[in-house]
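Student: Please take one strand of this structure and go through it closely. Then follow the side chains outward from there to the rest of the chain.

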Amino acid sequence: MKRAVRKILLLVCIVVLIFSAFKLYSYWSENRESQKLNDEIAASFVVEDESSQIPITVDFAQLKQECGDVVGWLYCEGTVINYPVVQAEDNNYYLRRMLDGSYNANGTLFMDCRNDPNMGSLNTIIYGHHMRSGAMFAVLDKFSEQEFYEEHPVMWFLTEQRAYRLDLIATFVTPSDSESYKVFDTPEELAAYLPQALGKSKFATNADTGSVTQIMTLSTCAYEYDKARTVVIAGVTPVEYKNGAVN
């Protein structure tokens, strides 16, 4: 009897080990596939431009032939954030899909389906996974450190028509249904929200918050409590450009 029990336990352990190994292989395989595709896309459609106020240019005409859902490109110098941003009819489609539509746990950065894809919203929200590999929006956690913020105080969001300078003004952990996820109907609503956001921030911003009339909220999962989210908020300033040149 004991011998039979030992055999069953051994078999169970072997099955668990095989399953765990398979899950681990799948995780790292998907990470490699996601990184490879993103690297290829960046290499094919993005050019760094040190001579311009805007640090990169993006060939949106060609990029949109690869994926018609692309609405912009998010870039933060010195970090892994150098990704296309898409928008679908809902906020689920790109949670587990890459730009080419194939399944991948890394997903793709995506704009909230409620937002104006032409950056007409008072609060444009972009979601990305908090990957253990450090990919996608995992780096948002680091903005809770003042030194990291001061090294990376600005991001850029490029669209086919314009570039937007994103001056970071706050970061904090918040529930997934908090006011941070409101698109805001009026400038007055946004103005009332901003002091609350600044008061909760884990870094002290160097940006001029008094002139902020439009924001972008970058969101990823946090683990302090159930349905917690880390948000990084930026003031948005449009910059006219044509073929990467500032007008």
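Tutor: The answer below starts with one strand, goes on to the core, and ends with the charged and aromatic pairs.

The model is predicted, so local features are given only at pLDDT of at least 70 and side-chain atom pairs only at pLDDT 80 or more, while totals for chains, interfaces and linings use all residues. Residues are numbered from 1 along each chain as its sequence is written, and side-chain values use heavy atoms, with hydrogens and water left out.

The protein chain has four helices and eleven strands; these are DSSP runs numbered from the N terminus, helices being H or I of at least four residues and strands E of at least two. Of its 247 residues, 47% count as buried. Buried stands for a relative accessible area under 20%, exposed for over 50%, and partly exposed for what lies in between, with a 1.4 Å probe and protein chains only.

The strand to look at is β3, residues 70–75. Six of its six residues are buried, so the strand is mostly covered. Two strands are paired if DSSP finds at least two bridges between them. With β4 (residues 82–86), β3 runs antiparallel and shares five bridges. W73 has P84 as its bridge partner in β4. The hairpin of β3 and β4 has six residues between the strands, and in this hairpin G78 takes a positive phi near 85°. Strand β7 is also antiparallel to β3, joined to it by three bridges. There, L74 stands opposite F157.

From W73 the view opens onto the core. A nonpolar core is a set of buried Ala, Val, Leu, Ile, Met, Phe, Trp, Tyr and Cys residues joined through side-chain atoms within 4.5 Å. In the largest one, which has 42 residues, W73 is among the three that touch the most other members, along with L63 and L158. L158 touches V71, G72 and W73, and its list also includes I54, I56, T57, V58, F60, A163 and Y241, with residues up to four places away in sequence not counted. Another core, of 30 residues, lies apart from this one; M131, Y164, M216 and V236 are among its members. In soluble globular proteins, nonpolar side chains tend to be buried together. Contact here means heavy atoms within 4.5 Å. Among contacts between residues at least 6 apart in sequence, 61% join residues at least 24 apart.

Charged pairs come next. A salt bridge requires a side-chain nitrogen of Lys or Arg within 4 Å of a carboxyl oxygen of Asp or Glu, and by this rule there are three. K64 pairs with E160, with the closest N and O atoms 3.1 Å apart. This pair links distant parts of the chain, 96 residues apart: K64 is in helix α2 (residues 60–66), and E160 is in the loop between β7 (154–158) and β8 (162–175). K64 is partly exposed at 31% relative accessible area, and E160 is partly exposed at 40%. D112 forms a salt bridge with R114, the closest N and O atoms being 2.9 Å apart. D112 is buried at 1%, whereas R114 is partly exposed at 46%. R165 and D167 make a salt bridge at 3.0 Å between the closest N and O atoms. R165 is partly exposed at 29%, and D167 is buried at 17%.

The aromatic rings remain. Rings of Phe, Tyr and Trp (its six-membered ring) pair if their centres lie within 6.5 Å, and planes under 30 degrees apart are called stacked, over 60 edge-to-face, and the rest tilted. Six such pairs turn up in the whole structure. Y93 and Y94 have ring centres 4.8 Å apart and planes at 80°, so they are edge-to-face. Y93 is partly exposed at 33%, while Y94 is buried at 3%. F110 and Y127 have centres 5.1 Å apart and planes at 25°, so this pair is stacked. F110 lies in β5 (residues 110–111) and Y127 in β6 (residues 123–127), so the pair ties together parts 17 residues apart in sequence. F110 is buried at 5%, and Y127 is buried at 17%. F110, Y127 and Y181 form one aromatic cluster.

Y93 has one further neighbour to describe. R97 lies over the face of Y93, at 4.0 Å from the ring centre; a charge sits over a ring if NZ of Lys or CZ of Arg is within 6 Å of the ring centre and within 35 degrees of the ring normal.
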